[in-house]
Amino acid sequence: MTQPARKLRVLCLHGYHGSAAVLRSQLLPLITGTESLVDYVLVDAPARASGDFGWWHAVDTPNSSPREDPGVSGSRHYLGWGRTHEWLATLFAEQGPFDGVLGFSQGAALTGLLAGLRAPSGNATAERPVQFDFAVVISGFPSVDPDHAQLYQSKDSFDVPSLHIVGRNDFLVPPPLSFDLASRFTSPVILEHAGGHIIAGTAEVRAGYRQFIEDRVAAKTETTAPRPAHQRTVEVPLWLPHEHPRLTVVFPERVSSAPTPAVVVFRGGAYATSAGSGAGSIEWLASQGVVGVQVDYRTQGAADAFPAHYADAARAVRMVRQRAAEWNIDPDRVGVLGYSAGGHLASLLSTQPELPALYDDELAETISARPDLVILAYPLISFVEGYQPGAFAGSVDNFFGLPDAPENLRERFSNELNVDPTHPPVFIWTTREDTIVPYTHSQLFVDACISSGVPVRYELYQQGPHGMGLAFDRQTEVRGWTDQLRAWLTEQWGSSQ
């Protein structure tokens, strides 16, 4: 088994006339969404402490005065390089280790020089005082100081993964210079964009950068160690900048070398709360080697109704897939588990995963909300079967946010009427003694699945009231439903242990 390494630490080097604060704002379009993978360490050039700027000034001779020329071509002497060199050697020794170095413009040229100063053995020396494992070079160029030519000769020092981001319309650092620096590295990855001398945040560049970072995270994995307790649970807002609703994610204690499945859980609560039956489910899933994700979806208890809860459910599945690489999840093995009214929400998502124009979710354009399998515990399925105002503990009224919704509207959201052959496999259980949501709801859904050729596993227990959750405290056969589920999940996805 493997476990992700600690977060990567990346030293970030600003450009000429820049600063750590300026670079932070410049980087945001590129790095947003990777902060859970990387600690970005931004520093000011040592010259700034004395009111100067830049990592060096490119001047004609050692006796020339600084001028407004960053020196990207020709032959120049780098005035101030000695101070920068010494300062960075101390920084690596005192504040390292750094897994990678990221530089923009003059900071990118400096990243290339640091690669030449890198100790390939991992043991720093006076001649090779720094150590890191990858480089990100944005609008970079080779040093034009003749004294640095020898730094590019150390092939071992440049034998690190490198990503080079190049603007095709960069007139300050022309692309051929960036390609020249990239060629010094053993296996450079080059991303081009149509812009100029900027840190681009286009979808293609962001995706390429994220993939590069994810590859570096994978390369840092270690074997067999358990995940530290503080890393087993995270909470993530669904809709930034709002703190609620949220996802609570519980990871298995031990991490597989391959991506693991995930199950998104919607607890019951009659659409009046999202904290009804089903407590402990995500922890139980994690104990089975599955990432458990609980959704704090909006309900009538806070004066929210359709489509808010549906939007939260769809967003949750999409977000799990969006962050699959970060969370070591297989995006093609994402299921849902719903209890009672949460079962209605889960089966609504599985039968109608792409309801149009209900909520502004930027993930909807590229990521499906349809789960890969569905688990339903004593679910509310139909809004017409046995309906009357206030039925099913008021779930239907709470769903719409109004009493006695018209039948045509209730039919639209009766999930037994919307099963088709594309529906994912289903595991469903309930009891004959359930008087809140009669077992006939489950039977209707099972019949619809069978009619459409959808694989379905149905467990109808004789005894037990509504709302038993995991049922570990029961002494009847219903206590074993999680054992049946475990076996079914293994049939569907293989062993997760």
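Helices, of at least four residues, and strands, of at least two, are runs assigned by DSSP and numbered from the N terminus. Counted in that way, the secondary structure of the protein chain in this predicted model comes to 12 helices and 18 strands.

**The whole chain**

Begin with the entire protein chain selected and turn it slowly, keeping in mind that the C-alpha trace spans about 90 × 45 × 40 Å along its principal axes. If you colour the residues by accessibility, you will find that 55% of the 497 residues count as buried. Contacts can be viewed in a similar spirit: of those in the protein chain with a separation of 6 or more, 76% are between residues 24 or more positions apart.

**Leu114 and its surroundings**

Next, select residues 106-116, which form helix 3, and within this helix pick out Leu114. Is Leu114 buried or exposed? Its relative accessible area is 1%, and because buried means under 20%, Leu114 counts as buried. Now show the side chains around Leu114: leaving aside neighbours within four places in sequence, Leu114 is in contact with Leu13, Leu88, Phe92, Val101, Val130 and Phe132. For a distance to draw in the viewer, join the C-alpha atoms of Leu114 and Ala20, which are 94 residues apart in sequence and 18 Å apart in space.

**Helices 7 and 8**

Move on to residues 308-322, which are helix 7, and residues 341-351, which are helix 8, and show the two together. Two packed helices are described by the angle between their axes and by the distance between those axes. Here the angle is about 65° and the axes are 10 Å apart, so helix 7 is roughly perpendicular to helix 8. Looking at how they pass one another, you will see that the crossing of helix 7 with helix 8 is right-handed. To display the contact itself, select His309, Tyr310, Ala313, Ala314 and Val317 on helix 7, together with Leu345, Leu348 and Leu349 on helix 8. Sorted by class, this contact of helix 7 with helix 8 has seven nonpolar residues, one polar residue and no charged residues.

**Two cysteines**

Finally, select Cys12, which counts as buried because its relative accessibility is 0%, and then Cys449, which also counts as buried, at 0% relative accessibility. How many disulfides are there in the model? Taking a disulfide to be a pair of cysteine sulfur atoms within 2.5 Å, the count comes to zero.

Technical notes:
Residues numbered from 1 in each chain as written. Predicted model: local features only at pLDDT ≥ 70, side-chain atom pairs only at ≥ 80, totals over all residues. Heavy atoms only, no water. Buried < 20%, exposed > 50% of the residue type's maximum accessible area, 1.4 Å probe, protein only. Axes fitted to C-alpha atoms, helices over the stretch in contact; angles between N-to-C directions. Parallel < 35°, antiparallel > 145°, perpendicular 65-115°, else oblique. Left-handed = near helix turned anticlockwise from the far one by under 90°. Contact = heavy atoms within 4.5 Å. Nonpolar A, V, L, I, M, F, W, Y, C, P; charged D, E, K, R; others polar.
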